[in-house]
Amino acid sequence: NNLKFKQRQEMNKRKIKHTFENRALFSKHLNKWQDRLNLRNWNVTLSDKFAPTGCAANIVFLREAREAKVALSKYDEGDDLENSALHELLHLLLVEYQSAIYLDLDLMGSDYYDGNHLRTVEHDLIKILEKLLLSDGK
């Protein structure tokens, strides 16, 4: 155990930690994609904690509170920061769709079920995707 710990310490010394500039750039990408994905109804912040080992970034959120924290990995392993920011925010984009599916499954067969909630969320997602795909990268 002690040998493995020392080996990990040596490996970590050779890795390059994310700089303040990397974190600021990652935060800028989060802001950009939060706008483009129409996620301004979420309070998204950059976490002081690090993403789990093996992850470029990681998001945790409280859906009811509309709060999310995105953690960046401790070390710069050459991952595309913008792609990582987009990837994590796509989890938020899809959480509404997931919850609508679960709600529909719970209500299916009851007198209250009409499928409208899922269709509404689906169309909201389609509008966002249309905007992104037709924007020509602007």
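A cavity is a set of grid points where a 1.4 Å probe fits but cannot get out. The exercises below apply this term, among others, to a predicted model.

**Exercise 1.** Determine how many cavities of 30 Å³ or more the structure holds, and describe the largest cavity.

*Solution.* Step 1: the count at this threshold is 1 cavity. Step 2: the largest cavity encloses about 40 Å³ of space. Step 3: its lining includes His18, Ala56, Leu72, Ser73 and Tyr75, together with Asp76, Glu77, Gly78, Asp79, Leu81 and Ser84. Step 4: sorted by character, the lining comprises 4 nonpolar, 4 polar and 3 charged residues.

**Exercise 2.** Establish whether histidine 18 is buried or exposed, and describe its surroundings.

*Solution.* Step 1: histidine 18 belongs to the loop between α1 (2-14) and α2 (20-36). Step 2: its relative accessible area is 15%; buried means under 20%, so histidine 18 is buried. Step 3: its side chain forms a polar contact of 3.0 Å with the side chain of asparagine 22. Step 4: beyond neighbours within four places in sequence, histidine 18 contacts Leu72, Ser73, Lys74, Tyr75, Asp76 and Leu81.

**Exercise 3.** Classify arginine 40 by its relative accessible area and identify the residues that arginine 40 touches.

*Solution.* Step 1: arginine 40 is located in the loop between α2 and β1 (43-50). Step 2: with a relative accessible area of 42%, arginine 40 is partly exposed. Step 3: setting aside residues up to four places away in sequence, arginine 40 touches Asn31, Gln34 and Asp35. Step 4: a side-chain to side-chain polar contact of 3.1 Å links arginine 40 with glutamine 34. Step 5: 9.7 Å separates the C-alpha atoms of arginine 40 and arginine 66, which lie 26 residues apart along the chain.

Notes
Residues are numbered from 1 along each chain as its sequence is written. This is a predicted model: local features need pLDDT of at least 70, side-chain atom pairs count only at pLDDT 80 or more; totals for chains, interfaces and linings use all residues. Side-chain values use heavy atoms; hydrogens and water are left out. Helices (H or I, at least four residues) and strands (E, at least two) are DSSP runs, numbered from the N terminus. Buried means under 20% relative accessible area, exposed over 50%, partly exposed in between (1.4 Å probe, protein chains only). A polar contact is a pair of N or O atoms within 3.5 Å; within protein, one must be able to donate a hydrogen and the other to accept it, and residues adjacent in sequence count only if both atoms are side-chain atoms. Contact means heavy atoms within 4.5 Å. On a 1 Å grid over the protein atoms alone, a cavity is a set of points where a 1.4 Å probe fits but cannot get out, and a pocket is an open set with protein on both sides within 12 Å along at least five of seven lines; lining residues have an atom within 4 Å of a point. Grid points are joined across faces, edges and corners, and a volume is the space filled by probe spheres set on the points. Ala, Val, Leu, Ile, Met, Phe, Trp, Tyr, Cys and Pro count as nonpolar, Asp, Glu, Lys and Arg as charged, and the others, Gly among them, as polar.
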